[in-house]
Amino acid sequence: MTHLPLVQLLEHELGDLRSVAEYADAIGIAKVLATPKGVADAHALDLAVHVWTFRAENDFLPQDLKVGDDPAAHGNLDAEIERYLLRGIDGFFTDFPAIGVGVRNANCKASRGIRR
(Lines give C-alpha, C1' and ligand atoms only; values in the text may rest on other atoms or scores of the structure.)
Protein backbone atom coordinates (compact mmCIF):
# COMPACT_ATOMS: atom_id res chain seq x y z
CA MET A 1 0.00 0.00 0.00
CA THR A 2 1.28 3.43 -0.90
CA HIS A 3 1.63 6.26 1.58
CA LEU A 4 0.28 8.69 -1.00
CA PRO A 5 -3.26 10.03 -0.55
CA LEU A 6 -5.76 7.80 -2.32
CA VAL A 7 -9.01 8.83 -3.99
CA GLN A 8 -11.68 6.22 -4.73
CA LEU A 9 -13.66 7.09 -7.85
CA LEU A 10 -17.39 6.32 -7.69
CA GLU A 11 -19.82 6.83 -10.52
CA HIS A 12 -23.05 4.92 -9.91
CA GLU A 13 -23.42 4.64 -6.13
CA LEU A 14 -21.64 5.63 -2.96
CA GLY A 15 -21.83 2.10 -1.59
CA ASP A 16 -20.09 1.22 1.66
CA LEU A 17 -18.23 4.44 2.49
CA ARG A 18 -17.03 2.97 5.78
CA SER A 19 -15.10 0.35 3.82
CA VAL A 20 -13.75 2.99 1.43
CA ALA A 21 -12.58 5.09 4.39
CA GLU A 22 -10.35 2.21 5.51
CA TYR A 23 -7.99 2.76 2.56
CA ALA A 24 -8.89 6.05 0.86
CA ASP A 25 -8.54 9.68 1.89
CA ALA A 26 -11.18 11.00 -0.48
CA ILE A 27 -13.87 10.03 -2.90
CA GLY A 28 -14.18 11.37 -6.43
CA ILE A 29 -17.84 11.16 -7.36
CA ALA A 30 -20.21 11.98 -10.18
CA LYS A 31 -22.36 15.07 -9.54
CA VAL A 32 -25.50 13.00 -9.10
CA LEU A 33 -23.98 11.31 -6.04
CA ALA A 34 -23.03 14.59 -4.34
CA THR A 35 -26.27 15.03 -2.44
CA PRO A 36 -26.16 16.91 0.86
CA LYS A 37 -26.54 13.56 2.67
CA GLY A 38 -23.84 11.89 0.57
CA VAL A 39 -21.38 14.70 1.26
CA ALA A 40 -22.21 14.67 4.99
CA ASP A 41 -21.87 10.88 5.18
CA ALA A 42 -18.42 11.01 3.53
CA HIS A 43 -17.26 13.84 5.78
CA ALA A 44 -18.46 11.94 8.87
CA LEU A 45 -15.91 9.27 7.90
CA ASP A 46 -13.16 11.89 7.27
CA LEU A 47 -13.35 11.39 3.51
CA ALA A 48 -12.85 14.48 1.37
CA VAL A 49 -15.33 14.81 -1.49
CA HIS A 50 -14.29 15.75 -5.03
CA VAL A 51 -17.05 16.05 -7.65
CA TRP A 52 -16.85 15.67 -11.44
CA THR A 53 -17.43 17.06 -14.05
CA PHE A 54 -18.88 20.55 -14.20
CA ARG A 55 -19.58 21.76 -17.73
CA ALA A 56 -21.11 25.02 -18.94
CA GLU A 57 -23.17 23.63 -21.83
CA ASN A 58 -26.92 23.53 -21.23
CA ASP A 59 -26.90 19.81 -22.00
CA PHE A 60 -25.03 19.18 -18.70
CA LEU A 61 -26.85 21.67 -16.47
CA PRO A 62 -30.04 21.29 -14.44
CA GLN A 63 -33.14 22.77 -16.07
CA ASP A 64 -33.23 25.89 -13.89
CA LEU A 65 -29.67 26.87 -14.88
CA LYS A 66 -30.01 26.46 -18.65
CA VAL A 67 -29.98 29.58 -20.81
CA GLY A 68 -32.00 29.28 -24.00
CA ASP A 69 -32.92 26.09 -25.85
CA ASP A 70 -29.63 25.24 -27.56
CA PRO A 71 -28.05 22.23 -25.79
CA ALA A 72 -24.56 23.49 -26.76
CA ALA A 73 -25.13 27.04 -25.48
CA HIS A 74 -23.64 27.98 -22.14
CA GLY A 75 -25.87 28.27 -19.13
CA ASN A 76 -25.20 29.34 -15.57
CA LEU A 77 -22.28 27.11 -14.57
CA ASP A 78 -21.28 29.53 -11.80
CA ALA A 79 -24.53 28.87 -9.96
CA GLU A 80 -24.22 25.11 -10.30
CA ILE A 81 -20.71 25.03 -8.85
CA GLU A 82 -21.83 27.36 -6.05
CA ARG A 83 -24.65 24.96 -5.13
CA TYR A 84 -22.21 22.11 -4.68
CA LEU A 85 -19.71 24.22 -2.75
CA LEU A 86 -22.52 25.15 -0.36
CA ARG A 87 -23.10 21.43 0.17
CA GLY A 88 -19.58 21.28 1.48
CA ILE A 89 -17.67 19.56 -1.31
CA ASP A 90 -13.91 19.82 -1.00
CA GLY A 91 -12.96 19.98 -4.66
CA PHE A 92 -14.30 19.61 -8.18
CA PHE A 93 -13.35 19.00 -11.77
CA THR A 94 -14.51 21.31 -14.54
CA ASP A 95 -13.93 21.80 -18.23
CA PHE A 96 -14.01 25.56 -17.57
CA PRO A 97 -11.22 26.27 -15.06
CA ALA A 98 -11.54 30.07 -15.22
CA ILE A 99 -15.17 29.83 -14.11
CA GLY A 100 -14.33 27.21 -11.49
CA VAL A 101 -11.51 29.25 -9.98
CA GLY A 102 -13.65 32.38 -9.92
CA VAL A 103 -16.51 30.63 -8.13
CA ARG A 104 -14.12 28.91 -5.71
CA ASN A 105 -12.38 32.20 -4.88
CA ALA A 106 -15.67 34.02 -4.35
CA ASN A 107 -16.90 31.19 -2.14
CA CYS A 108 -13.72 31.23 -0.06
CA LYS A 109 -13.96 35.00 0.41
CA ALA A 110 -17.63 34.77 1.35
CA SER A 111 -16.98 32.03 3.89
CA ARG A 112 -14.33 34.22 5.54
CA GLY A 113 -16.65 37.24 5.51
CA ILE A 114 -14.59 39.11 2.92
CA ARG A 115 -16.48 41.20 0.40
CA ARG A 116 -15.21 41.79 -3.12
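Which residues form one aromatic cluster? In this predicted model, the cluster consists of Phe54, Tyr84 and Phe92. Two aromatic pairs are present in the structure.

In one of these pairs, Phe54 meets Tyr84 in an edge-to-face arrangement, with 5.1 Å from centre to centre and 75 degrees between the ring planes. Phe54 belongs to strand β3 (residues 48-54), whereas Tyr84 belongs to helix α3 (residues 77-86); the pair therefore ties together parts that are 30 residues apart in sequence. Phe54 and Tyr84 are both buried. For Phe54, the relative accessibility is 0%, and the residue therefore counts as buried, given that the term applies under 20%.

Phe54 also pairs with Phe92. The centres of these two rings are 5.7 Å apart and their planes stand at 85 degrees, so this pair, too, is edge-to-face, because planes over 60 degrees apart are assigned to that class. Distant parts of the chain are again linked: Phe54 is located in strand β3 and Phe92 in strand β4 (residues 91-94), with their positions 38 residues apart in the numbering. Phe54 thus takes part in the pair with Tyr84 and in the pair with Phe92.

Charged side chains are also placed over aromatic rings. The charged end of Arg87 sits over the ring of Tyr84, at 4.4 Å from the ring centre; Tyr84 is also a member of the aromatic cluster. Elsewhere, Arg55 lies over the face of Phe60, and the distance to the centre of that ring is 4.9 Å.

Note on methods: Residues numbered from 1 in each chain as written. Predicted model: local features only at pLDDT ≥ 70, side-chain atom pairs only at ≥ 80, totals over all residues. Heavy atoms only, no water. Phe/Tyr/Trp six-rings, centres within 6.5 Å; stacked < 30°, edge-to-face > 60°. Helix = DSSP H or I, 4+ residues; strand = E, 2+ residues; numbered from the N terminus. Buried < 20%, exposed > 50% of the residue type's maximum accessible area, 1.4 Å probe, protein only. Lys NZ or Arg CZ within 6 Å of the ring centre and 35° of its normal.
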